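Ready for a few short exercises? Have the sequence and the model at hand, and try each task before you read its solution.

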Amino acid sequence: MSTQAATAAARRSKITPERETELYDAVLCLLREGGYDTVTMEGVAARTKCGKATLYRQWGTKAQLVTAALARRRCVVFAGIDTGTLAGDLREAARVAASRRERDAELMEAVAQAYIQHPDLRAALRETVIAPEVAALEAVVARAVERGEIDADNPAIGFVAPCFMGVLRVERLFEERFADASTMRAFVDAVLLPALRVEG
């Protein structure tokens with residue numbers, strides 16, 4: 001463990017897991033109520049009767065606190081998917097994503113605009129929330145290459161994770177077209193598998 005990580009861990013240890021959960025729940029409630037810009041350290045402190053100095057000592061910035069709350073709420077959605085085939089893995093990823101769509105969409109929409117406007121939030125979310133999901137999807141494709149299902153030089157490989165994550169974010173803008181829960185499965189079958197030259 002690095003010195004920085006050890007210091008952060010020591011700081012976190014001063015707050016009990018129960019108290020930490022309470023603080024994170026307050027952050028998520030504030031996000032839902034008014035979006036990222038309405039979340040303040042003062043507001044979280046007031047809602048949880050916690051000292052503002054404690055929040056700054058623990059998380060440093062609002063972006064780090066919000067990111068920690070979002071990360072704690074969720075596990076890596078695509079971790080552990082391994083059906084034995086690329087088509088099976090991508091379809092399972094689609095099923096899992098569809099099952100979580102409504103739960104995740106509300107909070108993601110609450111931070112979507114802030115993600116663009118606040119570089120510190122963007123960096124924190126990329127590292128803590130987005131990168132693990134991308135890594136899990138890339139692992140699915142890497143296993144397919146190892147099994148010989150797709151060629152390592154297939155130009156579509158680098159677009160799988162960005163396209164998958166992109167559709168998850170964009171489909172809410174086209175609800176009249178993609179309201180059905182089977183949207184992600186259709187995307188896998190109509191777009192990803194043909195691009196990767198995978199049949200069935």
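**Exercise 1: Two helices that cross**

In this predicted model, helix α7 passes helix α8 in a right-handed crossing. Work out which residues make the contact, how they divide by character, and how the two axes are oriented.

*Solution.* Start with the residues in contact. From α7 come I130, E133, V134, L137, E138 and V141, while α8 brings V160, A161, F164 and M165. Next, sort them by character: the contact divides into 8 nonpolar residues, no polar ones and 2 charged ones. Then turn to the geometry. Helix α7 spans residues 119-147 and helix α8 spans residues 160-170; they pack at an angle of about 130°, with their axes 9 Å apart. That angle makes α7 oblique to α8, because angles count as roughly antiparallel when over 145 degrees and as roughly perpendicular from 65 to 115.

**Exercise 2: Positive phi outside glycine**

Take K49 and R197, and find the phi of each. Where does each residue lie, and is it buried or exposed?

*Solution.* Begin with K49. This residue is not a glycine, yet its phi is positive, at about 55°. K49 sits in the loop between α3 (41-48) and α4 (52-59). Its relative accessibility is 76%, so K49 counts as exposed, the cut-off being over 50%.

Now do likewise for R197. Here too the residue is not a glycine, and phi is positive at about 60°. R197 belongs to the segment after α10 (183-195). With 60% relative accessibility, R197 counts as exposed.

**Exercise 3: The surroundings of D82**

Locate D82 and list what it touches, leaving out residues up to four places away in sequence.

*Solution.* First, the place: D82 is found in the loop between α5 (62-73) and α6 (86-117). Second, the accessibility: D82 has a relative accessible area of 47%, so it is partly exposed. Third, the contacts: with residues up to four places away in sequence not counted, D82 touches D89, R143 and R147. Finally, look at a separation: D82 and A139 are 57 residues apart in sequence, and their C-alpha atoms are 9.6 Å apart in space.

**Exercise 4: Cysteines**

How many disulfides does the model have? And what is the accessibility of C50 and of C163?

*Solution.* Apply the cut-off for a disulfide, a pair of cysteine sulfur atoms within 2.5 Å; the count comes to 0 disulfides. Then take the two cysteines in turn. C50 has 13% relative accessibility and therefore counts as buried. C163, with a relative accessible area of 32%, is partly exposed.

Notes:
Residues are numbered from 1 along each chain as its sequence is written. This is a predicted model: local features need pLDDT of at least 70, side-chain atom pairs count only at pLDDT 80 or more; totals for chains, interfaces and linings use all residues. Side-chain values use heavy atoms; hydrogens and water are left out. Buried means under 20% relative accessible area, exposed over 50%, partly exposed in between (1.4 Å probe, protein chains only). Helices (H or I, at least four residues) and strands (E, at least two) are DSSP runs, numbered from the N terminus. Axes are lines fitted to C-alpha atoms, for helices over the stretch in contact, and angles run from 0 to 180 degrees between N-to-C directions. Angles under 35 degrees count as roughly parallel, over 145 as roughly antiparallel, 65 to 115 as roughly perpendicular and the rest as oblique. A crossing is left-handed if the near helix is turned anticlockwise from the far one by less than a right angle, and right-handed if clockwise. Contact means heavy atoms within 4.5 Å. Ala, Val, Leu, Ile, Met, Phe, Trp, Tyr, Cys and Pro count as nonpolar, Asp, Glu, Lys and Arg as charged, and the others, Gly among them, as polar.
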